[in-house]
Amino acid sequence: MPFAQDASYLNIGERTNANGSRAFRDAMLAGNWDECVEIAKAQARDGAHVLDLCIDYVGRDGAADMAELAFRLSTAVTLPIVLDSTEPHVLLAGLERLAGRCVINSVNYEDGDGPNPGSPR
């Protein structure tokens, strides 16, 4: 789907990223979902156009964390959510709860997707 914006730049609220925001990560690790939502609301008030939601953190159930936060953000903020993960099942958990208001950020193949037919083996 084409994406058009009125502003000359896209302001992505990064404070809802567990890898970039210590406050968000600490709240998420503590299960303090209300604090996570408040961080998202503050980003919206401060002028973000979209929110970067990244919950990937070693040792956590990413799909469960994404499901919880995507569900809460779906009614707490009106901004589109940028789902940021390298794990398809984590992205799916977010997509299932955000009713079409998403941008997918990090679908990649960090660990590879199998042998590349055009490369030496």
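Visitor: What share of the residues of the protein chain counts as buried?

Guide: In this predicted model, 36% of the 121 residues of the protein chain count as buried. A residue is placed in that class when its relative accessible area is under 20%. The accessible surface of the protein chain comes to about 7400 Å², and 51% of that surface belongs to carbon and sulfur atoms.

Visitor: Which elements make up the secondary structure of the protein chain?

Guide: There are four helices and four strands. Read from the N terminus, their order is β-α-α-β-α-β-α-β. Among contacts with a separation of 6 or more, 63% join residues 24 or more positions apart.

Visitor: What makes the pair R22 and D26 a salt bridge?

Guide: The N to O distance between the two side chains is 3.7 Å. The cut-off is 4 Å, between a side-chain nitrogen of Lys or Arg and a carboxyl oxygen of Asp or Glu, so the pair R22 and D26 qualifies. The two residues are four apart in helix α1 (residues 22–29), which means that about one helical turn separates them.

Visitor: Why is R22 called exposed, but D26 partly exposed?

Guide: R22 has a relative accessible area of 62%, and exposed means over 50%, so R22 belongs to that class. D26 stands at 38%; because this value falls between 20% and 50%, D26 counts as partly exposed.

Visitor: How do you know that E38 and K41 form a salt bridge?

Guide: Their side chains meet at 3.8 Å, N to O, and this is within the 4 Å limit. Both residues lie in helix α2 (residues 33–45), three residues apart, or about one turn of the helix. E38, at 38%, is partly exposed, and K41, at 29%, is partly exposed too.

Visitor: What makes E96 and R97 a salt bridge?

Guide: The closest N and O atoms of E96 and R97 are 3.4 Å apart, and the limit is 4 Å. E96 counts as exposed at 54% relative accessibility, whereas R97 counts as partly exposed at 33%. Elsewhere, salt bridges that share partners join D34, E68 and R72 into one network. The structure holds seven salt bridges.

Visitor: Why is D56 said to have no salt bridge?

Guide: The nearest side chain of opposite charge, R60, is 9.9 Å away from D56. A salt bridge requires atoms within 4 Å, so D56 and R60 do not form one. D56 is nevertheless buried. D56 is placed in the loop between β2 (50–53) and α3 (62–76).

Visitor: What lies around D56?

Guide: Apart from its neighbours within four places in sequence, D56 is in contact with A18, N19, D84, S85, T86 and V90. A polar atom of the D56 side chain lies 3.5 Å from the backbone nitrogen of T86.

Visitor: Which residues make the nonpolar surface patch, and what makes L92 eligible for it?

Guide: L92, L95 and I104 make the patch, with an area of about 240 Å². L92 is partly exposed, with a relative accessible area of 45%. A patch residue needs over 30%, so L92 meets that condition. L92 lies in helix α4 (residues 88–95).

Key. Residues are numbered from 1 along each chain as its sequence is written. This is a predicted model: local features need pLDDT of at least 70, side-chain atom pairs count only at pLDDT 80 or more; totals for chains, interfaces and linings use all residues. Side-chain values use heavy atoms; hydrogens and water are left out. Buried means under 20% relative accessible area, exposed over 50%, partly exposed in between (1.4 Å probe, protein chains only). Lys and Arg count as positive and Asp and Glu as negative; His and the chain ends are not counted. A polar contact is a pair of N or O atoms within 3.5 Å; within protein, one must be able to donate a hydrogen and the other to accept it, and residues adjacent in sequence count only if both atoms are side-chain atoms. Contact means heavy atoms within 4.5 Å. Patches are made of residues with over 30% relative accessible area and no salt bridge: like charges are joined within 9 Å, nonpolar side chains (Val, Leu, Ile, Met, Phe, Trp, Tyr) within 5 Å. Accessible areas come from the Shrake-Rupley method with a 1.4 Å probe; for residues, only the protein chains shown count as cover.
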